Amino acid sequence: MPPNLTASIPCEIKDLALADMGKRRMEWAFQTMPVLQSVRKHFITTQQFKNIRIAVCLHVTSETANLAVTLRDGGAQVVVCAADPLTVQDDAAACLVKDYGISVYAIRGAVRAAFCSHLTVSVEGRPHVVLDEGGELSARLHARPDAAEEAFGGTEGASISVQKLRAMAKEGALRYPVIAVNESVTSDLFDNRYGTGQSTLDGILRSTNLLLAGMNVVVAGYGRCGRGIALRAQGLGAKVIVTEVNPIRALEALMDGPRVMSMGEAARAGDVFITATGTKNAIAREHFEKFKNGAILCNAGRGNVEIDLETLGQMSSARRQPKEHVEEYALRDGRRIYVLGEGRPINLAVGEGHPAPAMDIALANQALSVEHLVKHGRALDRLVYSVPPEIDRQVAKMKLEAMSVNIDRMTLEQEYYAAGRSEAT
């Protein structure tokens with residue numbers, strides 16, 4: 001595939017002919033994203049990002065494509081690459097190039113070398129602001145001081161990557177301030193709890209056509225995403241088991257209704273296993289050895305590292321694909337274990353990702369956080385910050401208004417009382 005599909009827009013995508021379908025899908029998503037619509041109108045008016053170079057390394061979907069256009073409409077020079085080669089919608093990538101003139105380096109299923117080359121090209125553009133999901137782009141930017149010297153801000157959406165960035169900041173190695181967009185209260189509710197919960201179960205059902213009612217569904221990790229997955233699985237009639245390393249989250253899960261046990265115990269009981277931990281090898285050799293024949297494994301967390309697929313392959317005598325997105329590992333003792341979506345995030349590797357109304361909140365937070373960095377990033381210390389509370393409140397207010405929901409306002413007397421003052425005068 002040639003690196004340039006048009007004379008004027010540098011890019012590397014699958015097929016420019018997919019752009020028309022991508023355009024329709026982007027428009028379908030955007031009509032249910034009223035908050036991002038309002039943000040785009042604001043950016044068009046203010047042109048906050050004129051002469052600002054922004055590198056976007058996210059899952060390339062119809063929804064994130066609309067974010068890229070929103071930034072472009074604010075005056076930014078935008079380049080897009082993929083956070084994961086299996087989370088690219090090729091038609092959205094083509095539409096960004098053909099219809100919006102945005103450089104895109106993303107192909108679904110790209111081999112590792114091509115995936116890394118896309119990241120490199122994005123870094124070589126010397127971005128001022130970096131939007132990242134999983135830390136791949138920021139890691140390469142930090143490894144290239146010449147390319148990073150003009151960067152003055154970034155955002156990060158993956159919790160485990162935020163932890164790494166905080167460690168870098170503590171060591172004085174972080175080169176620019178970063179906003180942890182996934183830690184906003186509104187993103188927690190919509191993107192993680194409701195978005196991940198629904199889209200994960202959607203990916204599982206698309207690839208397997210299972211009836212989850214009555215099955216033992218094991219959710220590894222009861223953080224923001226795990227809670228949403230467990231809630232949706234319960235809603236479909238599954239008997240949910242939660243595994244955790246954090247005693248507070250384990251207690252919370254127990255009080256919410258699921259059974260709580262170690263993965264070693266759950267391995268013998270579970271029918272379907274969903275990892276949402278953000279760490280390596282949440283499911284490993286000692287668990288493979290205990291699984292029932294026919295156990296189904298998938299990941300809703302980080303990359304493809306949460307299930308130790310290398311070891312599972314070593315334990316297997318044969319592998320085959322009984323249906324699309326399902327790989328069967330035949331173990332030497334006769335048991336069969338099934339892995340969905342190559343162990344990558346199931347909601348994007350198989351499904352279409354989070355519903356657009358949920359992504360509306362998360363991407364509005366992203367866009368407004370970029371605006372905050374453009375305005376204040378150069379004056380901020382090189383630390384990791386939460387989304388400013390005023391942005392969280394603004395996004396929540398805009399979403400309520402779009403849903404035609406009215407809420408109360410405190411009276412002057414109530415404001416004084418809440419502030420600990422005696423009386424309003």
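## Sheet, helices and cores

In the pairing of strand 7 with strand 10, Val219 has Ile274 of strand 10 as its bridge partner. The model described here is predicted. Strands 7 and 10 run parallel and are linked by four bridges. On its other pairing, strand 10 joins strand 11, again in the parallel sense and over four bridges; here Phe273 has Leu297 of strand 11 as its bridge partner.

In a regular strand, side chains alternate between the two faces of the sheet. Strand 10 shows Val272 and Ile274 pointing one way, with Phe273 and Thr275 pointing the other way, and all of these residues are buried.

These strands belong to an open sheet of eight strands with mixed pairing, ordered 9-8-7-10-11-14-13-12. Strand 9 (259-260) and strand 12 (316-323) are at the edges and have a single partner strand each, so one side of each lacks a neighbour in the sheet. Strand 13 (residues 326-331) and strand 14 (residues 336-340) are antiparallel and are joined by five bridges. Within that pairing, Glu327 is matched with Val339 of strand 14.

The strand pairings described above are listed below.

| Strands | Sense | Bridges | Bridge partners |
|---|---|---|---|
| 7 and 10 | parallel | four | Val219 and Ile274 |
| 10 and 11 | parallel | four | Phe273 and Leu297 |
| 13 and 14 | antiparallel | five | Glu327 and Val339 |

Two helices lie across parts of this sheet. Helix 10 (residues 224-235) crosses strand 7 (216-220), strand 8 (239-243) and strand 10, and runs at about 170° to strand 7. Helix 9 (residues 185-208) lies across strand 10 (272-275), strand 11 (296-299), strand 12, strand 13 and strand 14, at about 125° to strand 14.

Helix 2 and helix 16 form a further contact. Helix 2 (residues 34-46) packs against helix 16 (residues 356-376) at an angle of about 25°, and their axes are 8 Å apart. The two helices are therefore roughly parallel to each other. From helix 2, Pro34, Val35, Leu36, Val39, His42 and Phe43 meet Asp360, Leu363, Ala364, Ala367, Leu368 and Glu371 of helix 16. By type, the residues of this contact comprise nine nonpolar, one polar and two charged.

The largest nonpolar core has 57 residues, of which Ile54, Leu71 and Leu96 touch the most other members. Helix 16 makes the greatest contribution to this core, with 10 residues. Leaving aside residues up to four places away in sequence, Leu71 touches Phe43, Phe49, Ile54, Val56, Ala76, Val78, Leu131 and Val370. Another core, of 25 residues, lies apart from the largest one and includes Val219, Ala230, Cys298 and Ala300.

Notes. Residues numbered from 1 in each chain as written. Predicted model: local features only at pLDDT ≥ 70, side-chain atom pairs only at ≥ 80, totals over all residues. Heavy atoms only, no water. Axes fitted to C-alpha atoms, helices over the stretch in contact; angles between N-to-C directions. Parallel < 35°, antiparallel > 145°, perpendicular 65-115°, else oblique. Contact = heavy atoms within 4.5 Å. Nonpolar A, V, L, I, M, F, W, Y, C, P; charged D, E, K, R; others polar. Pairing = 2+ DSSP bridges. Core = buried A, V, L, I, M, F, W, Y, C linked by side-chain atoms within 4.5 Å. Buried < 20%, exposed > 50% of the residue type's maximum accessible area, 1.4 Å probe, protein only.
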